[in-house]
Amino acid sequence: MKTIHIDSEEQLREVAEALLAALDGRTVVALRGEMGAGKTTLIRSVAECLGVEDQVTSPTFALVNQYESDKGERLFHFDFYRIEDEREAFDLGYEEYFYSGDLCFVEWPEKIEGLMPDAVMEVRITVEGPTERSFEIE
(Lines give C-alpha, C1' and ligand atoms only; values in the text may rest on other atoms or scores of the structure.)
Protein backbone atom coordinates (compact mmCIF):
# COMPACT_ATOMS: atom_id res chain seq x y z
CA MET A 1 0.00 0.00 0.00
CA LYS A 2 1.15 3.50 -0.81
CA THR A 3 -0.02 6.58 1.08
CA ILE A 4 0.29 10.07 -0.36
CA HIS A 5 -0.53 13.25 1.55
CA ILE A 6 -1.26 16.46 -0.33
CA ASP A 7 -1.82 20.02 0.83
CA SER A 8 -3.51 21.38 -2.30
CA GLU A 9 -5.37 20.32 -5.41
CA GLU A 10 -2.34 21.27 -7.49
CA GLN A 11 -0.57 18.19 -6.09
CA LEU A 12 -3.22 15.78 -7.38
CA ARG A 13 -1.23 14.96 -10.52
CA GLU A 14 1.31 13.19 -8.28
CA VAL A 15 -1.49 11.05 -6.87
CA ALA A 16 -2.93 10.35 -10.33
CA GLU A 17 0.46 9.28 -11.66
CA ALA A 18 1.06 7.02 -8.64
CA LEU A 19 -2.38 5.46 -9.10
CA LEU A 20 -1.75 4.73 -12.79
CA ALA A 21 1.70 3.31 -12.02
CA ALA A 22 0.23 0.97 -9.38
CA LEU A 23 -2.56 -0.50 -11.54
CA ASP A 24 -0.49 -3.61 -12.30
CA GLY A 25 -2.96 -4.93 -14.87
CA ARG A 26 -6.08 -4.02 -12.91
CA THR A 27 -8.68 -1.97 -14.73
CA VAL A 28 -11.31 -1.32 -12.04
CA VAL A 29 -10.55 1.31 -9.40
CA ALA A 30 -12.82 1.65 -6.34
CA LEU A 31 -12.71 5.14 -4.86
CA ARG A 32 -13.77 5.37 -1.23
CA GLY A 33 -14.22 8.59 0.70
CA GLU A 34 -16.84 10.81 2.19
CA MET A 35 -18.94 13.21 0.16
CA GLY A 36 -16.70 16.05 -1.02
CA ALA A 37 -13.45 14.15 -0.40
CA GLY A 38 -12.31 14.66 -3.99
CA LYS A 39 -13.16 11.43 -5.81
CA THR A 40 -14.30 13.14 -9.01
CA THR A 41 -11.44 15.62 -8.79
CA LEU A 42 -8.95 12.73 -8.63
CA ILE A 43 -10.59 11.08 -11.65
CA ARG A 44 -10.32 14.40 -13.49
CA SER A 45 -6.58 14.45 -12.75
CA VAL A 46 -6.15 10.84 -13.91
CA ALA A 47 -8.03 11.66 -17.11
CA GLU A 48 -5.71 14.61 -17.73
CA CYS A 49 -2.68 12.32 -17.26
CA LEU A 50 -4.17 10.00 -19.89
CA GLY A 51 -4.72 12.83 -22.36
CA VAL A 52 -8.50 13.13 -22.03
CA GLU A 53 -9.56 16.53 -23.32
CA ASP A 54 -13.26 16.33 -22.39
CA GLN A 55 -14.53 17.99 -19.24
CA VAL A 56 -14.73 15.35 -16.51
CA THR A 57 -17.84 15.69 -14.36
CA SER A 58 -19.61 13.45 -11.88
CA PRO A 59 -22.16 11.10 -13.47
CA THR A 60 -24.40 11.29 -10.40
CA PHE A 61 -27.65 11.11 -12.38
CA ALA A 62 -26.44 9.32 -15.53
CA LEU A 63 -24.53 6.75 -13.38
CA VAL A 64 -21.71 6.48 -15.95
CA ASN A 65 -19.70 8.87 -18.12
CA GLN A 66 -17.36 7.77 -20.87
CA TYR A 67 -14.18 9.58 -21.86
CA GLU A 68 -11.55 8.87 -24.48
CA SER A 69 -7.83 9.54 -24.22
CA ASP A 70 -5.79 11.10 -27.00
CA LYS A 71 -4.61 7.52 -27.76
CA GLY A 72 -8.17 6.23 -28.18
CA GLU A 73 -8.30 4.49 -24.79
CA ARG A 74 -11.67 4.54 -23.07
CA LEU A 75 -12.18 5.52 -19.45
CA PHE A 76 -15.49 4.95 -17.65
CA HIS A 77 -16.50 6.92 -14.57
CA PHE A 78 -19.29 5.48 -12.41
CA ASP A 79 -21.11 7.15 -9.54
CA PHE A 80 -23.40 4.75 -7.67
CA TYR A 81 -24.30 7.17 -4.88
CA ARG A 82 -27.97 7.42 -5.88
CA ILE A 83 -28.73 3.76 -6.59
CA GLU A 84 -30.99 1.95 -4.17
CA ASP A 85 -30.27 -1.63 -5.20
CA GLU A 86 -27.53 -3.60 -7.00
CA ARG A 87 -30.11 -4.49 -9.67
CA GLU A 88 -29.74 -0.95 -10.99
CA ALA A 89 -26.10 -1.74 -11.78
CA PHE A 90 -27.25 -4.88 -13.62
CA ASP A 91 -29.71 -2.76 -15.61
CA LEU A 92 -26.84 -0.46 -16.52
CA GLY A 93 -24.86 -3.44 -17.83
CA TYR A 94 -21.99 -2.97 -15.39
CA GLU A 95 -20.39 -6.30 -16.41
CA GLU A 96 -19.76 -5.10 -19.95
CA TYR A 97 -17.81 -2.17 -18.55
CA PHE A 98 -15.97 -3.87 -15.67
CA TYR A 99 -14.81 -6.80 -17.80
CA SER A 100 -14.10 -4.85 -21.00
CA GLY A 101 -10.43 -4.22 -20.22
CA ASP A 102 -11.10 -0.48 -20.25
CA LEU A 103 -10.23 1.60 -17.21
CA CYS A 104 -13.23 1.97 -14.85
CA PHE A 105 -13.39 4.32 -11.87
CA VAL A 106 -16.14 3.61 -9.36
CA GLU A 107 -17.40 6.15 -6.85
CA TRP A 108 -19.43 4.70 -3.96
CA PRO A 109 -18.41 1.07 -4.63
CA GLU A 110 -19.97 0.08 -1.28
CA LYS A 111 -23.37 0.36 -3.03
CA ILE A 112 -22.42 -2.54 -5.33
CA GLU A 113 -19.90 -4.36 -3.15
CA GLY A 114 -21.17 -7.79 -4.18
CA LEU A 115 -20.64 -6.99 -7.88
CA MET A 116 -17.07 -5.69 -7.74
CA PRO A 117 -14.48 -7.87 -9.51
CA ASP A 118 -11.81 -9.63 -7.45
CA ALA A 119 -8.91 -7.69 -8.96
CA VAL A 120 -9.84 -4.16 -7.92
CA MET A 121 -7.54 -1.32 -6.98
CA GLU A 122 -8.74 0.31 -3.77
CA VAL A 123 -8.17 4.02 -3.22
CA ARG A 124 -9.21 5.53 0.11
CA ILE A 125 -9.40 9.30 0.37
CA THR A 126 -9.32 10.88 3.81
CA VAL A 127 -10.08 14.56 4.35
CA GLU A 128 -7.48 16.02 6.72
CA GLY A 129 -8.30 19.70 6.31
CA PRO A 130 -9.87 22.20 3.90
CA THR A 131 -7.33 21.38 1.16
CA GLU A 132 -5.40 18.52 2.75
CA ARG A 133 -6.09 14.94 1.69
CA SER A 134 -4.55 11.55 2.28
CA PHE A 135 -4.74 8.88 -0.43
CA GLU A 136 -4.17 5.21 0.34
CA ILE A 137 -3.59 3.23 -2.85
CA GLU A 138 -3.76 -0.57 -2.57
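A salt bridge here is a side-chain nitrogen of Lys or Arg within 4 Å of a carboxyl oxygen of Asp or Glu. Asp85 and Arg87 meet that rule through their side chains, at 3.1 Å from N to O. Please keep in mind that this is a predicted model.

**Charged pairs**

By this rule the count comes to 7 salt bridges. Three of them are set out here:

| Pair | N to O distance |
|---|---|
| Arg32 and Glu113 | 2.8 Å |
| Asp85 and Arg87 | 3.1 Å |
| Arg124 and Glu138 | 2.7 Å |

Arg124 in strand E6 and Glu138 in the segment after E7 lie 14 residues apart, so the pair links distant parts of the chain. Arg124 is partly exposed at 30% relative accessible area, and Glu138 is partly exposed at 38%. Salt bridges with shared partners also join Arg32, Glu110, Glu113 and Glu122 into one network.

How do the other two pairs sit with respect to the surface? Arg32 counts as buried because its relative accessibility, 16%, falls under the 20% cut-off, while Glu113 is partly exposed at 40%. Asp85 is partly exposed at 30%, whereas Arg87 is exposed at 58%.

**Nonpolar cores**

Now to the interior. The largest nonpolar core holds 26 residues, and those with the most contacts inside it are Leu19, Val29, Leu42, Phe105, Val123 and Phe135. Helix H1 gives the largest share of this core, 5 residues. Leaving aside residues up to four places away in sequence, Leu19 touches Val29, Leu42, Val46, Phe105, Met121, Val123 and Ile137. Another core, of 17 residues, lies apart from it and includes Val64, Tyr94, Cys104 and Leu115.

Conventions:
Residues are numbered from 1 along each chain as its sequence is written. This is a predicted model: local features need pLDDT of at least 70, side-chain atom pairs count only at pLDDT 80 or more; totals for chains, interfaces and linings use all residues. Side-chain values use heavy atoms; hydrogens and water are left out. A nonpolar core is a set of buried Ala, Val, Leu, Ile, Met, Phe, Trp, Tyr and Cys residues joined through side-chain atoms within 4.5 Å. Buried means under 20% relative accessible area, exposed over 50%, partly exposed in between (1.4 Å probe, protein chains only). Helices (H or I, at least four residues) and strands (E, at least two) are DSSP runs, numbered from the N terminus. Contact means heavy atoms within 4.5 Å.
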